[in-house]
2 protein chains.
Amino acid sequence: MGTTQLETVPEPKYWHLKTVLSDALDSEFAVGEILPNERELAARFGVARATLRQALEQLELEGRLQRRRGVGTTVAPPRVGVPVDPARHTWPGAPGDDWQPVDAVETDTVPAAVTRLLETAPGDRVHIVRRSRVTNGQPVAAELLYVPTAAVPGCVEPASAGAQTRARAVLQELHKLALDGQDRTVELGSARAEDAKQLDRLPGAPVLVVTTRYVSAGRTTAVAVSTYRADTCRLTFGESDAVAVLAG
Amino acid sequence: MGTTQLETVPEPKYWHLKTVLSDALDSEFAVGEILPNERELAARFGVARATLRQALEQLELEGRLQRRRGVGTTVAPPRVGVPVDPARHTWPGAPGDDWQPVDAVETDTVPAAVTRLLETAPGDRVHIVRRSRVTNGQPVAAELLYVPTAAVPGCVEPASAGAQTRARAVLQELHKLALDGQDRTVELGSARAEDAKQLDRLPGAPVLVVTTRYVSAGRTTAVAVSTYRADTCRLTFGESDAVAVLAG
DNA sequence: CAGTGGTCTAGACCACTGT
DNA sequence: CAGTGGTCTAGACCACTGA
């Protein structure tokens, strides 16, 4: 019948908008530059602010934009390559890693997913070490490291000691054990309120959740749940460090 | 002065809603079960539909829900663990990997990011092999594998051959080379229209983008850009395969 | 065809930032 | 304080699915 239907699929406005904005970012804006505010952009493109925001959200998700309440929308720098898989397999807190211990608490309530990985009973006491990872002065990740108290019996730092001191004590006890190996999973999540604050983001911000299992003496001895800012980070794995140079 | 200001931070409605729904999913719903439709849920919680949708979007991002237009919202099964780092370092298409070659084309226009990794000149001809990864009958990833024509001079499959045949031919030529190593990056992205169709998602859906660099004879010989559904996949890395069993 | 989720509008108010 | 992005509303219409 030869129906001349060129556009069977009407492209959503926000999708088209995203493309237009993305091209504009490439050609007309420099990193760090401030975009016009949302109300003006929406007016300029002849759409409702909600629609404009849908496009901006996608661009932020892809790491092209950075939005801060009360400030404005800026063009984001290229994502930072963050090495996740050190060539040498070492315990967390070994010299050379760029994590900062923050504090440590001992508790008997841990997420079910962690209990499963640690193969502990639901009521067992566990140390939780909080750590923070900073690259180029920017916080890129927050971490909760779970270590069953039974695995580090030598760790008897009193609660009166400084928070950071207790954290270091747990790590030092860990280092006395032989590390057999480790494995990891990566998945998408949304930042818990606590992590969000540490990462300087709003709650619910998209994050890459890296779960690392440390195996010692044929047993899972520690589990680290690391929460990376998905907008600013590109996780790098593998033997070669040459890959870290591809920023540009 | 003792101002009794318990809630300095008014929790956004959608955030609270998400928590409530999340708990309900744990206790009152089985995997695969259909939730009430959005209009009814919004009415039941006394919020606008847009607000309710904001909560559902987050839950879908976290892999708790699955929404399909024209059908409804269902409770999603736990994420599938997808092994990304085979113990043996092998070329793509080696026996044992669960990727299906789809087709192959030869072109001289590739994304700038890929050109940079391959260290090719902007006009150099490159094979693009499209592959698809299926797990449990579900498409979980789409891939574009870039191989400079110069790297596989023996590959002279005519365009008249079947699409899949040409794809296999490129892979077979690759296998003749010695593989020195590989490295990867993982970052968050949004599905291009083409990938979205292959993954049975809408354009813009969140995806985990895995970029693999294959090194041969001290040179980057191939680059694979694999796009995994972020809602249903948990990427697994590392030596132990025991981690794949943690689904529950 | 009826019912679902997806897109879009035009407003309002709030929380936060910097000056 | 003015200006920004974040939240929320109450509607409307569209695209898709399955009976």
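Q: How do the residues of the surface near DNA strand D divide into nonpolar, polar and charged?
A: In this predicted model, the surface near DNA strand D has 9 nonpolar, 7 polar and 11 charged residues. Arg counts as charged, and Arg49(A) and Arg53(A) are among the residues that come nearest to that strand.

Q: What makes a residue one of the 27 around DNA strand D?
A: The test is a heavy atom within 4 Å of the strand. Of the 27 residues, those that come nearest are Arg49(A), Arg53(A), Lys13(B), Ala48(B) and Thr51(B). On the DNA side, sugar and phosphate make up 67% of the atoms of strand D that come within 4 Å of the protein.

Q: Why is the pair formed by Thr51(B) and a phosphate oxygen of DNA strand D called a polar contact?
A: A polar contact needs N or O atoms within 3.5 Å. A polar side-chain atom of Thr51(B) lies 2.4 Å from a phosphate oxygen of DNA strand D, so the pair qualifies. Two residues of chain A pass as well: Arg67(A) has a side-chain N or O atom 3.4 Å from a phosphate oxygen of that strand, while a polar side-chain atom of Arg39(A) is 3.1 Å from a base oxygen.

Q: Which element gives the most to the surface near DNA strand D?
A: That is H3(B), with 4 residues.

Q: How do you know which parts of DNA strand C face the protein, sugar and phosphate or bases?
A: Look at the atoms of strand C within 4 Å of the protein: 66% belong to sugar or phosphate, and the rest to bases. Around this strand there are 27 residues, the closest being Lys13(A), Thr51(A), Asn37(B), Arg49(B) and Arg53(B).

Q: What makes the pairs with phosphate oxygens of DNA strand C polar contacts?
A: Again the limit is 3.5 Å between N or O atoms. A polar backbone atom of Lys13(A) is 2.2 Å from a phosphate oxygen, the side chain of Thr51(A) has an N or O atom 2.4 Å from one, and a polar side-chain atom of Arg53(B) lies 2.8 Å from one. Each distance is within the limit, so each pair counts. H3(A) gives the most to the surface near DNA strand C, with 4 residues.

Q: How do you know how chain A and chain B are related?
A: A turn of 180° with a shift of 0.0 Å along the axis lays chain A on chain B, with an RMSD of 0.0 Å. The two copies are therefore related as by a two-fold rotation axis. The same surface serves both, as 100% of the contact residues of chain A recur in chain B.

Q: Why is S6(B) described as mostly covered?
A: Buried means under 20% relative accessible area. Of the 11 residues of S6(B), 9 are buried, so the strand is mostly covered.

Q: What makes S5(B) and S6(B) a pair of strands?
A: Pairing takes at least two bridges. S5(B) and S6(B) share 10, in the antiparallel sense, so they pair. They form a hairpin with 2 residues between them, and Asn136(B) in the turn has a positive phi of about 55°. S6(B) also runs antiparallel to S9(B), joined by 6 bridges; there Ala141(B) stands opposite Tyr228(B).

Q: Why is Ala150(B) called exposed?
A: Exposed means over 50% relative accessible area. Ala150(B) has 71%, so the word applies. This residue lies in the loop between S6 and helix H5 of chain B.

Technical notes: Residues are numbered from 1 along each chain as its sequence is written. Chains are lettered from A and ligands numbered from 1 in the order in which they are written. This is a predicted model: local features need pLDDT of at least 70, side-chain atom pairs count only at pLDDT 80 or more; totals for chains, interfaces and linings use all residues. Side-chain values use heavy atoms; hydrogens and water are left out. Buried means under 20% relative accessible area, exposed over 50%, partly exposed in between (1.4 Å probe, protein chains only). Copies are superposed by least squares on the C-alpha atoms of residues with pLDDT of at least 70 in both. Contact means heavy atoms within 4.5 Å. A polar contact is a pair of N or O atoms within 3.5 Å; within protein, one must be able to donate a hydrogen and the other to accept it, and residues adjacent in sequence count only if both atoms are side-chain atoms.
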